[in-house]
Amino acid sequence: MSPLAIVLLVFATVAAMEGVAWASHKYIMHGFGWAWHRDHHEPHAKALEKNDLFALVGAAMSISMFAIGSPLVMGAAAWEPGTWIGLGIFFYGIIYTLVHDGLVHQRYFKWVPRRGYAKRLVQAHKLHHATVGKAGGVSFGFVLARDPAKLKAELKAQRADGIAVVREALAD
């Protein structure tokens with residue numbers, strides 16, 4: 001593959017991973033994977049959560065793609081794009097860790113953004129955590145954040161329709 005094709009594939013994979021993350025968050029983590037994800041939505045003082053097991057799933061995806069792309073593992077059957085897709089998944093994992101765990105949940109550093117896109121990310125994810133339980137909710141992505149005012153309106157509508165139970169602070 002040409003260097004340009006490699007760079008484009010890595011960037012495309014990082015971008016696609018936001019869609020994969022959104023869908024898996026909405027339909028797996030808030031669906032049949034709720035047993036792992038629940039503690040992420042509940043207050044606790046533990047350093048680790050069951051929810052952190054999902055990072056192992058992402059790591060397994062990346063490692064699997066590296067293996068598929070490796071002649072050392074697959075021999076002549078190696079598929080070179082697998083290496084670069086694996087790298088894109090790895091980069092998305094780093095971005096996710098810094099943005100979601102670091103910035104939003106402040107697991108690694110303490111900084112509260114006062115303006116700009118970082119503030120919007122934090123607000124959108126806080127609105128995601130405004131619901132009680134796995135039903136309903138907004139903002140299932142991790143890097144792309146919609147307008148918080150629109151998310152609040154969606155939550156209000158979900159509450160009125162009986163879809164979501166919203167925490168006290170946002171009930172009005």
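The legends below describe close-up views of a predicted model.

**View 1. The whole chain, built from 7 helices and 2 strands.**
The protein chain has 172 residues, and buried residues make up 37% of them. Its elements run α-α-α-α-α-α-β-α-β along the sequence. The C-alpha trace spans about 60 × 35 × 30 Å along its principal axes.

**View 2. The largest pocket, with a volume of about 630 Å³.**
Its lining comprises 25 residues, and F54, A55, V57, G58 and Y96 are the closest to the pocket centre. Three helices each supply at least two lining residues: α1 (3–32), α3 (53–69) and α5 (81–104). By residue class, the lining of this pocket divides into 17 nonpolar, 6 polar and 2 charged.

**View 3. The second largest pocket, holding about 230 Å³ of space.**
One run of the lining includes H40, E42, P43, H44, K46, A47 and E49. Also lining this pocket are H105, R107, K126 and H129. The classes here are 2 nonpolar, 4 polar and 5 charged. The two nonpolar residues are P43 and A47, because Pro and Ala count as nonpolar. The charged ones are E42, K46, E49, R107 and K126, because Glu, Lys and Arg count as charged.

**View 4. A nonpolar patch on the surface, with about 770 Å² of accessible area.**
Its members are F66, F90, F91, I94, L98, Y108, F109 and W111, and the area is their joint value. Helix α5 gives the most to the patch, with 4 residues. Another member, Y108, lies in the loop between α5 and α6 (116–128).

**View 5. I68 in helix α3, with W79.**
Is I68 buried, partly exposed or exposed? I68 counts as partly exposed, because its relative accessibility is 32% and that class lies between the 20% limit for buried and the 50% limit for exposed. I68 and W79 are 11 residues apart along the chain. Their C-alpha atoms are separated by 5.9 Å.

Terms used. Residues are numbered from 1 along each chain as its sequence is written. This is a predicted model: local features need pLDDT of at least 70, side-chain atom pairs count only at pLDDT 80 or more; totals for chains, interfaces and linings use all residues. Side-chain values use heavy atoms; hydrogens and water are left out. On a 1 Å grid over the protein atoms alone, a cavity is a set of points where a 1.4 Å probe fits but cannot get out, and a pocket is an open set with protein on both sides within 12 Å along at least five of seven lines; lining residues have an atom within 4 Å of a point. Grid points are joined across faces, edges and corners, and a volume is the space filled by probe spheres set on the points. Patches are made of residues with over 30% relative accessible area and no salt bridge: like charges are joined within 9 Å, nonpolar side chains (Val, Leu, Ile, Met, Phe, Trp, Tyr) within 5 Å. Accessible areas come from the Shrake-Rupley method with a 1.4 Å probe; for residues, only the protein chains shown count as cover. A salt bridge is a side-chain nitrogen of Lys or Arg within 4 Å of a carboxyl oxygen of Asp or Glu. Buried means under 20% relative accessible area, exposed over 50%, partly exposed in between (1.4 Å probe, protein chains only).
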